[in-house]
Amino acid sequence: MLLKHLLRSSLFLLLWGISLLGDAHILVYHRFGDSRYPTTNTSLQELRKEFTYLKEHHYQVVPLSTLIQALKRHQPIPNRWVILSVDDGFKSFLKALPLFKEFHYPFTLFIATKPTQNGYPDFLSWKDLQAIAPFGQIALHSHAHPHLGDLSDEQIRADTKRAFLLFQKHLGYTPKVYAYPYGEYDQRVKRVIESFGFEAIANQNIGAIGPTSDPHDLDRIAMVGRANLSQALRYRHLDALWMAPNHYPKDGILYQVKVRIPPRYHLAWLYVTGYGWKRFPVRNGVVQAKLNYPLHKHRVRVIIKVKHSKINAKILVRSRYGTQ
Ligand SMILES: [Zn+2]
């Protein structure tokens, strides 16, 4: 009887444990309570609603460093971890800070150092940042917020170095994490940024963070306006190896997408900016879509999705410099 009970309770614990493991989500905000810029703004009312949702649904808002540590140690990722990040260092962050404090939610604030250094009024000053630092993590978002794809390796290095030195000088420590301006990068850009030894690098591809996620390629979900938070939190990380395209096509035409995913899926949905979602069969774990899509934007998102909202996304950026 006792043994039976023990077996049953351990099975319960095991299943319960599995259901708690899953994927973390990193959200990215820009401006707060600033209706001049509706495409990058989140009202304070909306932010309170989202924070309340997280609290009421027992999400655990953890510092980015906690996630990075778990990834580096190959530890399982709890299902209810949420990481909050804010890009650009706009002055309007000061309006949101009391809410972060009220909920005791940590955050990572990615700043571009040039607007701060030049004292642009719409941006946080070094003094503001020093006052904010005890409540969250401050991290790097370049110096001049350039489109990195348009810069040579040397220019990317110069921008990052300038940002690094200014950050160190005014905040007294070295930045540990970097987020690409506009979320734009390719393998060449990534390699140059990686050479600075950041613990983690964040992009702006829609997705979730699973145990196999690369700390140097962390997906973040943009929260703007009345974002659909519950949908965002439903996304799961899909392990995907992108075989094609590897970079923005030279002639501007996307001929094919080829992605390796776990072989248990038989159908996948593919999204390309400007072309919407289309369904494709998966054969032996490979999605191969023959397309003939002229690309009209300099930045194109390609997203692959299978059932249960498992998702993996890639960004293609037209670059003036090499594609490797
Ligand atoms: Zn930015």
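This text walks through the two domains of a predicted model and then through three points in its loops.

Start with the overall layout. The domain assignment splits the chain into domain 1, residues 22-234, and domain 2, residues 241-317. Their centres, taken over C-alpha atoms, are 26 Å apart. The two domains touch. Domain 1 gives eleven residues to the contact, and domain 2 gives ten. On the side of domain 1 that touches domain 2, two residues are nonpolar, five are polar and four are charged.

Now turn to the backbone. Look at the loop between strand E12 (241-244) and strand E13 (253-260), where Pro245 sits. The peptide bond that joins Ala244 to Pro245 is cis. Its omega is about -5°.

Next comes His145. Find this residue in the loop that runs between strand E7 (137-140) and helix H7 (153-171). The phi of His145 is positive, near 55°, and the residue is not glycine. Is His145 buried or partly exposed? It counts as partly exposed because 19 C-beta neighbours lie inside 10 Å, while a buried residue needs 20 or more.

The last stop is Ser309. This residue lies in the loop between strand E17 (299-306) and strand E18 (310-317). Ser309 is another residue other than glycine with a positive phi, near 55°. Its surroundings hold 14 other C-beta atoms within 10 Å, so Ser309 is partly exposed. The exposed class would need 12 or fewer.

Key:
Residues are numbered from 1 along each chain as its sequence is written. This is a predicted model: local features need pLDDT of at least 70, side-chain atom pairs count only at pLDDT 80 or more; totals for chains, interfaces and linings use all residues. Helices (H or I, at least four residues) and strands (E, at least two) are DSSP runs, numbered from the N terminus. Domain bounds come from an automatic or database domain assignment. Two residues are in contact if their C-beta atoms, placed from the backbone, lie within 7 Å. Ala, Val, Leu, Ile, Met, Phe, Trp, Tyr, Cys and Pro count as nonpolar, Asp, Glu, Lys and Arg as charged, and the others, Gly among them, as polar.
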